[in-house]
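Colleague: Could you walk me through this one while I have it open on my screen?

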Amino acid sequence: MDVWALATWMVLDLLCGFAHEVTVRSSDLKPCIEDRKVCVMNPQDCGPRSPSAIEQSLNLSCYYQIAQSSVTCEWSETSASVGLPEVSLIFRSRKIVYSCGAVLNPVATLNITAKMSSVMDPEIWSQPLTVHLYNAVKPSQPVLTVLGSTPNSINVTWRSTDDGGCRLRYRATGTRTWTQAADTVPALEDQTLTYSIGDLLPFTTYGAAVACRGDSNIWSNWSAEVTVRTPDKIPSRPVEVCYTVEKTGSGRSFLLRLRWQDRTPCDPGSRVLGYQVSYSPERKKQLQDAVMVNVTDVTALLPAERGKFSVSVRAYNTAGFGPAARLCIDIQRVTSLPPVANLWVSSSFPARNAVQVHWQHPSGPPVSRFYIQRRPETHPSIGCRITVDSWNSAALIEDMGLEGSYAISVIPVYDQQCGASRSLPASLRHGALMEAVQMKLTSVTMTTVTVSWVWQRKSRPVRVNGYQVVLRRGSEVQTASLWPDQWEHTFYHLKPNTEYSLVLLADNVSRHTTSVKTDFDEVTVVAAAAPPLLLAAIAFIIFLLSRTICKSYFFPVNSSTWSGKMGDWLMNPTPQETLDKKFLDIEDFRVLDVLGDKGPILVAPRPARLFKAEPQEDTAAVTLDSVRLSELVTEPENSANDSFLHKLEETSLLHLSESSEQTQNTHTTRETDYIFVEQICLPLTQ
C-alpha cells in the first residue's frame with residue numbers, strides 16, 4: 001500500500017524497550033465497510049480483533065499538524081519483537097465518517113489505537129487515546145539564526161508561531177549528545193526571540209537548534225541545526241614555568257632549559273597557539289637588548305653564560321598575549337635537584353577510563369608542586385600536562401585512548417627550578433608497561449643476602465599493580481617492593497649457615513623462585529668478594545711494615561761519628577798532638593795537710609827532694625802490689641809529719657813518670673792511679 005511510503009516509523013533502543021513513531025496523512029486513510037465510523041491505514045484492520053490479541057498501555061501520544069493535515073503518534077513497548085513488526089493506526093470518530101480524507105480536521109475528536117503485528121508474536125493493541133485535534137495541534141518548525149558569539153557564549157534568534165514557550169539545545173561538533181538549555185523562553189505568537197547559550201569553550205564549533213510549543217502543550221519539531229565557532233580567549237593565567245641549567249663541553253657556557261605547562265590538550269578552554277620567551281642578562285637594562293623567541297612547544301633551550309638572567313614567558317593566541325611568568329636565574333647558584341622515587345602507574349580500566357600515577361617524594365629541598373605529563377609514544381609532540389600540589393603523591397590521568405601507549409612523566413618543581421624527570425611507559429588497559437625479570441643473587445654473607453634484577457618492557461599484555469621480592473624460611477618472612485628506579489636489595493639480620501627461599505612476585509603471583517644458603521664463614525666470603533684494589537693496598541701496607549721491621553733489626557741506628565765527641569780522636573789526622581795534651585793535671589788534686597792533727601796521710605806528687613832517681617823508660621804503670629795498705633795505717637797522734645814523709649820516701653810507694661814520650665795508655669793509667677789513690681785517701685780524711 002501507498003500508506004507505507006508516507007508512514008514513518010523507527011525503532012530506538014531505550015534501555016529495556018523500543019520506541020515507535022508513525023505519521024499518517026488524510027489521503028492515507030481507508031474507510032471500513034462494516035463500521036462507517038472507522039478509518040484505517042490497512043483494510044485488514046477493519047475486522048474484529050484476533051482472540052490472541054493483547055491490549056497494552058503503550059504510553060501513546062499523538063499530535064496534529066494543520067499544514068500537512070497529518071497526525072503523528074509515538075509510543076513505546078516493554079519488549080522487543082522477534083521480527084520487524086507491522087505498525088498501523090486505527091481512527092474512530094464519534095460520528096459517521098462520509099470521507100476519510102476529511103476526517104483529520106481541526107474540529108474533529110478521534111479515538112486513536114495503535115496496532116503492531118508480526119509473524120512470530122501475537123498482535124498488540126494499544127488502549128484507545130481520545131484526541132481533540134484542535135488541542136493537539138503541533139506548532140510549525142521554527143527557524144534559528146546566529147546573531148554573534150563570544151569566547152564562552154553564542155547568541156541566537158528565531159520567530160515563534162504560537163503563544164507558549166521555546167527551548168534550545170546545543171552540542172560541540174563531533175559529539176552525538178545534545179545539551180539542553182536550562183531555561184524555557186516564554187513566547188507569544190509571531191514574536192522574535194533571542195537567547196544566549198553560555199558556558200562554552202573558546203575556539204570551539206557548536207551546533208544549536210530550537211523547538212516551541214503552543215496552548216496544546218505539544219512541542220514543534222526541532223529547527224535545522226545551525227553551527228558557529230566561538231572566538232579565541234586571551235590566556236588569563238601566567239604560564240607555570242620552571243628551569244634547569246645544563247653545562248656545555250667548554251664549561252664556561254651553559255644551556256638554559258625552560259619547561260612549562262600546556263593546557264590545550266587537557267583543557268580546550270585554554271587554547272594556545274604559541275609562547276613568547278624573552279631573556280636577557282640583568283646588566284643589560286635596555287629593553288631592546290632582550291632576546292625574544294617564539295616557540296610552539298612547552299620547552300625552550302636558550303644559550304647562557306655565568307651570571308644572572310631575567311626570563312619571561314607568556315602564551316598567546318589569535319586574541320592576544322596572556323600575562324607573563326617572570327624568572328630571575330643565577331647560573332652560578334644552580335644545583336642539581338633529585339627526581340621522584342618509586343614511580344608506578346596502575347590502571348583503573350574498565351571502571352574508569354583513567355590511570356593512577358603513584359610516586360614517593362624526593363629527599364632534598366621542599367617541593368613546590370609536581371608536573372604530571374602524558375605523551376603518546378607514537379606522537380610525542382602531542383602532550384598533556386597537569387599540575388598537582390606538593391602534598392600529593394598520586395594523580396589521576398583521564399582521557400587516555402583505549403589503544404596505544406603513553407609516556408607518563410613526573411617532574412618535581414622546587415620553587416622555580418625543575419627537578420630531574422622520571423618516566424614510565426603505560427597504557428589504559430595494562431597500566432605500567434615495565435616488568436622485573438632476571439632475578440639473581442649478587443652476594444651472600446653470614447647475615448645478609450643481596451639480590452638484583454633487571455627492568456624491561458613488558459613482553460605480555462598483562463596488568464601488574466606491583467612487584468615484590470620475598471625472602472622466607474618458615475614463619476620468618478622479609479618482603480621488599482620493587483620499583484623501576486631500583487635494581488638490587490639487601491636482606492639483613494639473617495641466620496648463618498641457613499637455607500632460605502627467594503621468590504619474585506607479580507601481584508602475589510610467583511614469577512621466579514630460587515634457594516639461597518647463608519655462609520658459615522663470613523671472613524672467607526668477604527675476602528673472596530674483596531675488590532682487587534683493596535687487596536693490593538693491604539699487601540702494600542704489609543710490605544712497608546715488614547721492610548721497616550727488618551731494617552731496624554738487621555741495620556740498627558748508630559750514633560753519628562761526625563756529630564759526637566767520642567769519635568773525634570779517630571777522625572783527627574794528627575793524633576800526636578792529642579798525646580801532648582794533659583787529660584788530668586795532678587796539681588789540681590794536691591791535698592796539703594787538710595786533716596791537721598787527725599790525718600797522718602798526705603798524698604801529693606813526688607817533690608824533687610823525695611824522688612832523686614831518674615824515671616825509668618820501661619816503667620808503664622803503678623800496680624796494686626806497689627801499695628802496701630798495711631803501711632798506710634795511721635800513726636799515733638804524737639807522730640810527726642816529718643817522720644811520715646821520711647818513711648814514705650824510703651818505701652817509694654808511688655813512682656810516677658811524666659815523660660813526654662809516654663803513650664795514651666800511660667796517661668790513662670796515670671789518671672786511674674790517681675783516682676785509686678783518691679778513693680783510698682778520702683775515707684782516711686773523714
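Modeller: We can go through some sheets, a few loop residues and some ring contacts.
Modeller: This is a predicted model, in which local features need pLDDT of at least 70 and side-chain atom pairs count only at pLDDT 80 or more, while totals for chains, interfaces and linings use all residues. Residues are numbered from 1 along each chain as its sequence is written, and side-chain values use heavy atoms, with hydrogens and water left out.

Colleague: Fine, sheets then. In what order do strands 37, 38 and 41 sit?

Modeller: The order is 37-38-41, in an open sheet of three strands with antiparallel pairing. Strands here are DSSP runs of E with at least two residues, numbered from the N terminus, and two strands pair if DSSP finds at least two bridges between them. Strand 37 (434-444) and strand 41 (488-491) are the edge strands, each pairing on one side only, and the twist from one strand to the next averages 25°, where axes are lines fitted to C-alpha atoms and angles run from 0 to 180 degrees between N-to-C directions.

Colleague: And how many bridges join strand 38 to strand 41?

Modeller: Strand 38 (residues 449-457) and strand 41 run antiparallel and are joined by four bridges; valine 449 has phenylalanine 491 in strand 41 as its bridge partner.

Colleague: What about the sheet with strands 12, 13 and 17?

Modeller: That is an open sheet of three strands in the order 12-13-17, with antiparallel pairing. Its edge strands, strand 12 (145-150) and strand 17 (192-197), each pair on one side only, and the twist averages 20° from one strand to the next. Strand 12 is joined to strand 13 (residues 153-159) by five bridges, the two running antiparallel, and valine 146 stands opposite valine 156 in strand 13.

Colleague: Switching to loops, where is aspartate 190, and is it buried or exposed?

Modeller: Aspartate 190 is in the loop between strand 16 (185-187) and strand 17, and its phi is near 60°, a positive value in a residue other than glycine. With 51% relative accessibility, aspartate 190 counts as exposed; the cut-offs, with a 1.4 Å probe and protein chains only, are under 20% relative accessible area for buried, over 50% for exposed, and partly exposed in between.

Colleague: What is the phi of aspartate 507?

Modeller: Aspartate 507 has a positive phi of about 55° although it is not a glycine. It lies in the loop between strand 42 (499-506) and strand 43 (509-517), and aspartate 507 is partly exposed, at a relative accessible area of 33%.

Colleague: Which peptide bond is cis?

Modeller: The bond from phenylalanine 349 to proline 350 is cis, with omega near 5°, and proline 350 lies in the loop between strand 28 (341-347) and strand 29 (354-360).

Colleague: Now the rings: how many aromatic pairs are there?

Modeller: The count comes to six aromatic pairs, where rings of Phe, Tyr and Trp (its six-membered ring) pair if their centres lie within 6.5 Å, and planes under 30 degrees apart count as stacked, over 60 as edge-to-face and the rest as tilted. Among them, tryptophan 260 and tyrosine 275 have ring centres 5.1 Å apart and planes at 55°, so the pair is tilted.

Colleague: Are tryptophan 260 and tyrosine 275 buried or exposed?

Modeller: Both tryptophan 260 and tyrosine 275 are buried.
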